[in-house]
Amino acid sequence: MYLLKSCAIAFSMYSKIPMPRVDWNEKNMKYAMCFFPVVGAVLGVLEVIVGGLLLDFATGKFLLAAAMTLLPVLVTGGIHMDGFMDTMDALSSYSDREKKLAILKDSNSGAFAILGMCCYFLWNAAVWSEVTKDMLPVIACGYVISRSMSGFSVVTFPAARNSGLARTFQDGAQKKIVRAVTSLCFLAAGALMLVQSPVLGAAALAAAVLVFLYYRHTCKKQFGGITGDLAGYFLQLCELAMLTVIVLAGGIGWR
């Protein structure tokens, strides 16, 4: 029963999918991060279904691009985009570490957050307009990949501060089990990517790893550790990078 409650916590935190209310106590939160990749699997299935229908029946690619750009926001409630925007403000401040961490906590959005969001959505929509139906299963696996790596980082990287969302999940998690589960989810999703298309899958995995290395470096050098906003920032960048390389590799005829 506690595993179901952990699953409910993960879905209620990282999606807008209705879940029964459960107590966020130590027992229920132990394995919540293990179910973070499952949220990605649900999103990936929805992307395949909706994207496939639009590619079959829509008259143009603009509707596909808009729908596929908005669908993750509708499913997640924009929680990861919020982290992306806060991080854009913090990084663009070029301030010291304490000031950057203070900016992450600020609920107001600055100019760089808005600019970053607009650029992100514009590029995301542009890339989605070039997606073909055979790319959808590979792209869908990317939502599991990004959440597996993000969840792994939350229980592995040091926390930048003694409070906040990331620290809450760190303190409540069974770290060894979460690392093992998120690693297995990464391997399973990566293998499925490669089965669907060896070249597109390999390109996507390479992009995800490179973004993860950049993310680790940024957390350590710029902030002194991880926060929930930084985890969301990584997830958004990772998904955009994978989508981009899948479309670019497919566009030049690699399959």
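In this predicted model, Thr218 is buried, with a relative accessible area of 4%. The residue belongs to helix H11. Beyond its neighbours up to four places away in sequence, Thr218 is in contact with Leu91 and Phe223.

An aromatic pair also involves helix H11. The search of the whole structure returned 10 aromatic pairs. In one of these, Tyr120 and Phe121 are arranged edge-to-face, because their ring centres are 6.1 Å apart and their planes meet at 80 degrees. The two partners differ in exposure: Tyr120 counts as buried at 6% relative accessibility, whereas Phe121, with a relative accessible area of 25%, is partly exposed. Phe212 and Phe234 form another edge-to-face pair, with ring centres 5.7 Å apart and planes at 80 degrees. Since Phe212 lies in helix H11 (residues 198–223) and Phe234 in helix H12, this pair ties together parts that are 22 residues apart in sequence. Phe212 and Phe234 are both buried. In addition, a single aromatic cluster is formed by Phe84, Tyr120, Phe121, Tyr214 and Tyr233.

The largest nonpolar core contains 70 residues. Within this core, the residues touching the most other members are Trp128, Val131, Ile139, Ile145, Met193 and Tyr215. Helix H12 (residues 228–251) makes the greatest contribution to the core, providing 13 residues. In soluble globular proteins, nonpolar side chains tend to be buried together. With residues up to four places away in sequence set aside, the contacts of Trp128 comprise Glu47, Leu64, Ala65, Met68, Thr69, Leu136, Ile139, Tyr143 and Leu243.

Several contacts of Trp128, including Leu64, Ala65, Met68 and Thr69, are also among the buried residues of helix H4. The remaining buried positions of H4 are Leu71, Pro72, Val75 and Thr76. Helix H4 spans residues 61–76, and its 16 residues reach 24 Å from the first C-alpha to the last, close to the expected 22 Å. The helix has a kink of about 25 degrees at Leu70, shortly before the proline Pro72. Just after the end of H4, Gly77 adopts a positive phi of about 80 degrees.

Helix H8 comprises residues 136–154, and its end C-alpha atoms are 28 Å apart, in agreement with the 27 Å that its 19 residues should span at 1.5 Å a residue. Of these 19 residues, 17 are buried, so helix H8 is largely enclosed by the rest of the structure.

The cysteines were examined for disulfide bonds. A disulfide is a covalent bond between the sulfur atoms of two cysteines. The count of disulfides in the model is zero. Cys7 takes part in no disulfide, and the nearest cysteine sulfur, that of Cys34, is 11 Å away. Cys7 counts as buried, at 18% relative accessibility. For Cys141, the closest cysteine sulfur is in Cys185 at 12 Å, which is too far for a bond. Cys141 likewise counts as buried, its relative accessibility being 7%.

Notes: Residues are numbered from 1 along each chain as its sequence is written. Side-chain values use heavy atoms; hydrogens and water are left out. Helices (H or I, at least four residues) and strands (E, at least two) are DSSP runs, numbered from the N terminus. The expected span of a helix is 1.5 Å times one less than its number of residues. The bend at a residue is the angle between axes fitted to the seven residues ending there and the seven starting there. Buried means under 20% relative accessible area, exposed over 50%, partly exposed in between (1.4 Å probe, protein chains only). A nonpolar core is a set of buried Ala, Val, Leu, Ile, Met, Phe, Trp, Tyr and Cys residues joined through side-chain atoms within 4.5 Å. Contact means heavy atoms within 4.5 Å. Rings of Phe, Tyr and Trp (its six-membered ring) pair if their centres lie within 6.5 Å; planes under 30 degrees apart count as stacked, over 60 as edge-to-face and the rest as tilted. A disulfide is a pair of cysteine sulfur atoms within 2.5 Å.
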